[in-house]
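Q: Here's one I'd like to look at up close. Pick one part, show me how it is built and what it sits against, and tell me where I should read the coordinates with care.

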Amino acid sequence: MKPSSIKRAGPFQLAILAFAIAIALAQKVFADEADRVVSIGGSVTEIVFALGQQDRLIARDATSQFPPIASDLPDIGYMRALSPEGVLSVDPDLILAEEGSGPPEVIDVLEAAGIEFISVPDGYDGPAITAKIEAVAAALGVEARGAELIAEVEAQLQQATRAVADDRPPRVLFILSLQGGRVMASGTDTAAAGIIALAGGVNAVTEFDGYMPMSDEAVAAAAPDIILMMDRGGNHAAADADLFSHPALSITPAGAAQRVVRIDGLLLLGFGPRTPEAVRQLSSAIGTAQG
Amino acid sequence: MASLDDAELEKLGPLAGDREARARRVAVFLGALLIIVSVASLATGASGTSLWRVLGAVLSGEEIATRDRVILFDIRLPRLTLAILVGAALAVSGAVMQGLFRNPLADPGLVGVGAGAGLGAIGAIVLGGLLPVAFQEAAGYFLVPLAAFFGGWSTVILLYAISTQRGRTSVAVMLLGGIAIAALAGAISGILIYMANDQQLRDLTFWGLGSLAGATWIKVATAAPLIVLALLAAPFLARSLNGLALGEAAAAHLGIPIQRMKTVSILTVAGATGAAVAVSGGIGFVGIVVPHLLRLAIGPDHRMLLPNAALLGAALLILADMIARTIVAPAELPIGIVTAVLGGPFFLWLLLRNRSLLDL
């Protein structure tokens with residue numbers, strides 16, 4: 001909006017005029033010093049914070065909940081159900097979005113509105129984290145800081161996996177939910193499978209892709225040494241009692257030894273700068289199981 | 001309506017007297033309401049873009065900022081147009097179905113449109129990735145709407161074929177067949193849901209709740225011809241639907257071409273609802289609440305009911321969409337939630353208040 005366009009507006013809009021002038025002035029003041037970045041996707045937001053660029057964020061999506069301070073930013077909704085005018089209403093000049101954000105027609109409209117839109121690639125291994133950080137750093141124009149962060153994360157990642165001996169990698173079963181005693185487990189090609197591999201374990205289930213409900217007998221046959229779950233807070237003792245009284249789980253090595261690892265969901269499955277920490281927690285548990 | 005004698009008219013109380021004049025007044029009121037909510041819808045949104053400022057700029061030939069132009073002409077205006085089309089299509093289809101089935105609970109879902117469209121959409125979301133890449137690219141984000149439309153449409157045609165024997169369509173067979181086909185479609189959808197990954201499950205859930213968020217001019221242009229055609233055809237059904245209220249045999253003796261009427265009704269509903277559901281997902285309650293509300297106000301004469309239903313349906317959906325896109329701004333609610341939250345309690349209140357009146 002230019003001040004000149006305001007002068008020629010009709011005389012019956014005095015109130016709106018005053019408001020518009022105020023906005024115009026405010027925009028002029030801030031335009032030079034701060035970018036207006038919207039971050040979509042939990043790991044993208046984490047990377048922006050890790051790069052020290054959080055002051056440039058003006059909004060985030062519903063999946064961006066770490067660091068906790070990110071929740072103070074306006075929420076533009078779930079990353080795959082964005083609202084075009086909602087996103088435009090925070091007046092961004094750059095949108096950083098994890099791959100798969102959408103719907104695509106909304107992205108088209110945002111691009112038509114002249115807003116730079118950067119899609120950040122997603123993936124479930126070490127190089128994928130590097131690629132994410134590279135993309136975000138390049139978009140924010142802080143490549144040097146990005147390279148530092150990449151070096152940092154890669155070094156941490158190597159260190160984190162050191163605890164595991166290679167001779168007999170334990171089998172890890174990731175249970176997404178145990179609702180009503182039904183095991184919903186991770187197969188291949190998921191973030192959970194990725195983190196298990198990084199931590200030096202073997203995914204106990206390779207018969208299917210994605211997360212699927214499993215029959216009790218298949219769970220028993222998978223014979224996991226360790227059970228991995230998301231930490232949803234609450235009473236772990238009670239949850240463990242439930243878990244290990246499950247008939248199929250109780251007869252697995254993990255059930256017999258009562259080995260369960262609980263890690264915060266976003267930390268465990270986010271594949272961002274905190275992934276080395278998740279790998280460290282999981283691999284130390286795996287190391288214990290081996291020893 | 002001609003079928004009611006004076007004693008019955010007396011009993012109806014508030015609906016007695018010259019209903020046609022009343023219906024015309026209601027139509028004028030609804031027309032005005034539609035214009036008011038349309039303007040309000042263009043003027044409100046999550047962003048600060050002002051309709052008046054942009055209009056002023058257009059009139060004075062000034063340049064409009066890209067952002068304002070996109071928000072008004074590529075976001076709000078196509079969305080408003082789509083809300084009008086979808087709202088009118090759902091409400092009129094509901095009224096036609098209730099007349100055709102002589103059942104106050106009938107809605108387009110009864111002839112399998114919803115189940116078929118849902119199956120099509122779910123199939124496209126889950127299996128779309130298996131299609132040849134060239135086809136995927138050509139279809140773009142029309143893949144889901146197209147699949148939903150053909151899913152809905154083909155279900156209706158199948159059902160129509162099942163229930164038509166020796167040139168006569170049995171409404172009862174259609175009703176029961178619809179239940180069976182919906183169950184089958186539900187089962188196949190279940191298999192697809194089982195195969196879906198997390199992301200697809202999220203997409204499925206949001207599709208089922210309905211939204212006008214992806215409204216673009218291309219979507220409007222694709223859905224408009226079918227919906228407009230159906231809305232234009234509907235008034236020609238009004239007299240036959242009125243006659244049908246007496247029962248099929250009586251209507252036939254009145255000289256109403258029953259079979260042709262059924263065919264046209266079903267094609268109209270399938271076209272309008274199929275197109276509406278394809279572009280907006282599952283939006284519930286409009287097809288039931290709007291016709292009933294109007295029957296309470298102006299009586300069951302379809303000649304007045306159908307056009308008024310189009311007006312009220314459009315106005316209601318615009319209003320629901322305004323709420324959906326501003327109440328949790330900058331995020332937005334699926335519109336199906338809003339129509340159900342508005343429609344459910346209101347409908348119950350109407351039922352409780354007018355228990356004696358509510359009869360088709």
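A: In chain A, take the contacts between residues at least 6 apart in sequence: 58% of them join residues at least 24 apart. Keep in mind throughout that this is a predicted model. In chain B, residues 24 or more positions apart account for 80% of the contacts with a separation of 6 or more. Chain B is the part I'd zoom in on, with chain A as the backdrop.

Backdrop first. Chain A carries 14 helices and 10 strands, and 41% of its 291 residues count as buried. Chain B's secondary structure comes to 15 helices and 2 strands. Its radius of gyration is 21 Å, close to the 21 Å that the globule rule gives for 360 residues, so chain B is as compact as a globular protein of that length. Laid along the principal axes, its C-alpha atoms fill a box of roughly 65 × 50 × 35 Å. As for burial, 47% of the 360 residues of chain B make the cut.

Now for the helices of chain B. H12(B) runs over residues 258–280, and its 23 residues reach 32 Å from first C-alpha to last, close to the 33 Å expected at 1.5 Å a residue. This helix is mostly covered, with 17 of its 23 residues buried. Right after H12(B) comes B:Gly281, with a positive phi near 80°.

H15(B), residues 335–353, has 19 residues and reaches 27 Å end to end between C-alphas, close to the expected 27 Å. Its buried residues are B:Ile335, B:Gly336, B:Val338, B:Thr339 and B:Ala340. Helices H9 (198–209), H13 (286–298) and H14 (302–326) of chain B are among what covers them. The loop between H14 and H15 of chain B holds B:Pro330, and the peptide bond leading into that proline from B:Ala329 is cis, with omega near 5°.

Then there's H4(B), which turns up in two places: the interface and the core. At the interface, 33 residues of chain B are in contact with 35 residues of chain A. On the chain B side, helix H3 (51–59), helix H4 (66–101) and H9 each supply at least two residues. H4(B) gives the largest share, 6 residues. Sorted by class, that side of chain B has 13 nonpolar, 11 polar and 9 charged residues.

On to the core. In soluble globular proteins, nonpolar side chains tend to be buried together. Here the largest nonpolar core has 174 residues, and those with the most contacts inside it are A:Val136, A:Leu173, A:Ile195, A:Leu228, B:Ala89 and B:Val92. H4(B) again gives the largest share, 20 residues of this core. B:Val92 is a handy place to park the viewer: leaving aside its neighbours within four places in sequence, it is in contact with B:Leu231, B:Ala234, B:Ala272, B:Leu306, B:Ala309, B:Ala310 and B:Gly313.

Back to chain A for some backbone oddities. Most residues other than glycine have a negative phi, and most peptide bonds are trans. The bond from A:Gly102 to A:Pro103 is cis, with omega near 5°; A:Pro103 sits in the loop between strand S3 (94–98) and helix H5 (104–112) of chain A. A:Asp189, though not a glycine, has a positive phi of about 60°. Its place is the loop between strand S6 (183–186) and helix H8 (191–198) of chain A, and A:Asp189 is partly exposed, with 14 other C-beta atoms within 10 Å. A:Gln258 is another non-glycine with a positive phi, of about 50°. You'll find A:Gln258 in the loop between helix H12 (253–257) and strand S10 (260–264) of chain A. With 12 other C-beta atoms within 10 Å, A:Gln258 counts as exposed.

Last, where to read with care. Chain A has a mean pLDDT of 86, and 86% of its residues reach 70 or more. Over residues 1–7 of chain A the pLDDT is below 50, and beyond near neighbours in sequence this stretch has 11 contacts in the model. Residues 27–34 of chain A are also below 50, with 2 such contacts.

Technical notes
Residues numbered from 1 in each chain as written. Chains lettered and ligands numbered in written order. Helix = DSSP H or I, 4+ residues; strand = E, 2+ residues; numbered from the N terminus. Rg over C-alpha atoms; globule rule 2.2 N^0.38 Å. Buried ≥ 20, exposed ≤ 12 C-beta atoms within 10 Å, placed from the backbone. Contact = placed C-beta atoms within 7 Å. Expected span 1.5 Å × (residues − 1). Nonpolar A, V, L, I, M, F, W, Y, C, P; charged D, E, K, R; others polar. pLDDT = per-residue confidence, 0-100. Core = buried A, V, L, I, M, F, W, Y, C linked by C-beta atoms within 7 Å.
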